[in-house]
Amino acid sequence: MNFKTADFNIKRLHGLIDWQLLVFLVLFLDVKLAVKVAALILVYLLRFDFRFDFRFKNPRLPLFYLLAIGIAVFNGFIYQSYFNLKYDLVFLSGAGLWIMCILAIHQIKLAVERNQIEILHRTLFAFFLLNAAASVFNLAHIIWETKAINPYLYQGMKQRYFIGTGDYIKGLTFDVSITNSVINSFGVLYFIYRKNSGMLFLCMAVLLLTGSNSLNILTLVLLLIIFAFQSNLYQKSYIVICAMLFMIFTTKISPQNSDYVIHTSEAMFGKQSNAAIFTAPFLHPTAPVPYALLSPDEKREWFARHYLDSEYRAIAFRLQKAGKPLLVNRPRPYIPQPNLNLAPYQEDTDTALLRQNLLSFIKLHQTELPLAGHDAFIKGKPGKLIALKQTAAFFNDHPQKILTGDGLGNFSSKIAFKATNLGFTGGYPANYVYIGADFLVNHLDVYLNFFSKRIGFHSVINSPNSVYFQLIGEYGIIGFACFLIWYLGYFTKYIKQLTYGLPILVVVLGVFFLEYWFEQLSIVVLAELMLFINIKETQTKSII
């Protein structure tokens, strides 16, 4: 009897979620390409099916992936690139990534077609829970290592963590932290519609812990729009709590992040607000200096000199308002504080291996690099904006390439960076290094210009990585149109039926400015799964 009961419970547990889908998600979203390949092999062995059913009228899958490969093949013939053996490896690698996108979305679609809606929702719940648990483990490890309850304010260990603590909250994927940010942004938007407050707050907490200012703000804006137009009383209360969590994080846990947002925004729009003008403590007090232009050491000195005074003024104001006497005559208790001028509390000045490689490369190609090779650094102008201007200037100089682009791996893509063998995204055969001439003097130059400098310049806003730059630069107007019509259009034709799928789609379009997400083979697959589920459940409800 006991054995029968145990067997029944195992079968029941097996039927609660799609274990094949869950394992596939966990493995495929892993940062290692080898693990992604293994995930595809495993899922096709378990769920063998190659009936993709591509067609122009009512396609089962987005045609964009096939068309991208077709444009890449066309460019290879037009530009006679196939005669270069080194480029052939780049082309095969880039085309292979597009093929993996097709294989992944096909399995995602199969899972949605073959499972009941509640099984799919429980599978998503399990995935987000596992990712949150992995993220909490990341934070616990940092706290244990630093012995600081709040590592976001901990300046020891040569500021290894401090403002960059969120970079180490990588979650289940072991990828860069922005991947975890996007995943949890999806989770917040998904669970607010599912009315699951526990998972909503958990995903919101992990999103904040990753420290991605752009994702935090985008998610909060979308929550406010949902608050105004698509929420009941309970959901509105949940959104208010999420906003409070955001305020607590930015004011108490990691206040330096809010300063970073302000100064980055000012740099982007070429403005300086009054709030950003301070007096440098080591200069003449009447000489205002924009805070964003101070060096990291100057910023720390300014903060150290002004923080205690501002705290005292705040306390004095509260006492005066309450009619209580100021504590001016009481002796101040001595509390020993760490000397932030000592080496353990200063930013690490050691040159990391990747940075050494970048500096060596710049020295070798100095005459070919307009920015990095001549130290043409423009303060306040982010790399993304420079990359945008470079892309426009490139097509102005090469109008013959505006239709189909410069070719796969020749202008701006993950495979273009990988083929340099500089260690950006894993290794690459040294004998087959390939660097396109247009890539070298444009987006690679921008990357080198910022990321060969100290860690303070290493930000997504200074990186040329972007799906939009990739599509326009390497696939041209035709490639970008294919994306709009046969990828974005594939999902937006259901726009009136989408609930949580709509804000998730907005997040996807937003983060496409930040990274080569199609080639990353991570968050796009998760977004596609959630969109497929949302489409299926709304269609099922309309039939009922």
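Is F64 buried or exposed, and what is its relative accessible area? F64 is buried, with a relative accessible area of 1%. This is a predicted model, and the points below treat its aromatic pairs, its charges over rings, its salt bridges and the surroundings of one asparagine.

**Aromatic pairs**

- The structure holds 50 aromatic pairs, and one of them is formed by F64 and F518, whose ring centres are 5.4 Å apart and whose planes stand at 45°, a tilted arrangement.
- This pair links distant parts of the chain, with F64 in helix α4 (residues 64–78) and F518 in helix α21 (residues 517–520), 454 residues apart.
- F518 is buried, with a relative accessible area of 2%, and F64, at 1%, is buried as well.
- The rings of F127 and F128 have their centres 5.7 Å apart and, because their planes are at 70°, the pair counts as edge-to-face.
- Both F127 and F128 are buried.

**Charges over rings**

- The charged end of K236 sits over the ring of F227, at 4.5 Å from the centre of that ring.
- K401 lies over the face of Y79, and here the distance to the ring centre is 5.1 Å.

**Salt bridges around K401**

- Side chains of opposite charge can pair when their charged atoms come close.
- The count of salt bridges in the structure comes to eight.
- K401, the residue that lies over the face of Y79, also meets the side chain of D406 in a salt bridge, with an N to O distance of 2.6 Å.
- K401 forms a salt bridge with D438 too, the closest N and O atoms being 3.5 Å apart.
- The pair of K401 and D438 links distant parts of the chain, since K401 is in the loop between α15 (383–397) and α16 (414–418), whereas D438 is in helix α17 (residues 437–441), 37 residues apart.
- K401 counts as buried because its relative accessibility is 13%, under the 20% limit that the term requires.
- D438 is likewise buried, with a relative accessible area of 18%, and D406 is buried along with K401.

**Other salt bridges**

- The side chains of R60 and E113 meet in a salt bridge, with 3.0 Å from N to O.
- R60 lies in the loop between α3 (33–46) and α4, while E113 lies in helix α5 (residues 85–114), so this salt bridge ties together parts that are 53 residues apart in sequence.
- The two partners are not alike in burial: R60 is buried, with a relative accessible area of 11%, whereas E113 is partly exposed, with a relative accessible area of 41%.
- D49, R51 and R114 are linked in a network of salt bridges.

**Surroundings of N180**

- N180 lies in helix α8 (residues 177–194), and at 0% relative accessibility N180 counts as buried.
- The side chain of N180 makes a polar contact with the side chain of N184, at a distance of 2.8 Å.
- When neighbours within four places in sequence are left aside, N180 is in contact with N131, S135, I169, K170, G171, V206 and T210.

Terms used: Residues numbered from 1 in each chain as written. Predicted model: local features only at pLDDT ≥ 70, side-chain atom pairs only at ≥ 80, totals over all residues. Heavy atoms only, no water. Phe/Tyr/Trp six-rings, centres within 6.5 Å; stacked < 30°, edge-to-face > 60°. Helix = DSSP H or I, 4+ residues; strand = E, 2+ residues; numbered from the N terminus. Buried < 20%, exposed > 50% of the residue type's maximum accessible area, 1.4 Å probe, protein only. Lys NZ or Arg CZ within 6 Å of the ring centre and 35° of its normal. Salt bridge = Lys/Arg side-chain N within 4 Å of Asp/Glu carboxyl O. Polar contact = N/O pair within 3.5 Å; in protein donor to acceptor, adjacent residues only side chain to side chain. Contact = heavy atoms within 4.5 Å.
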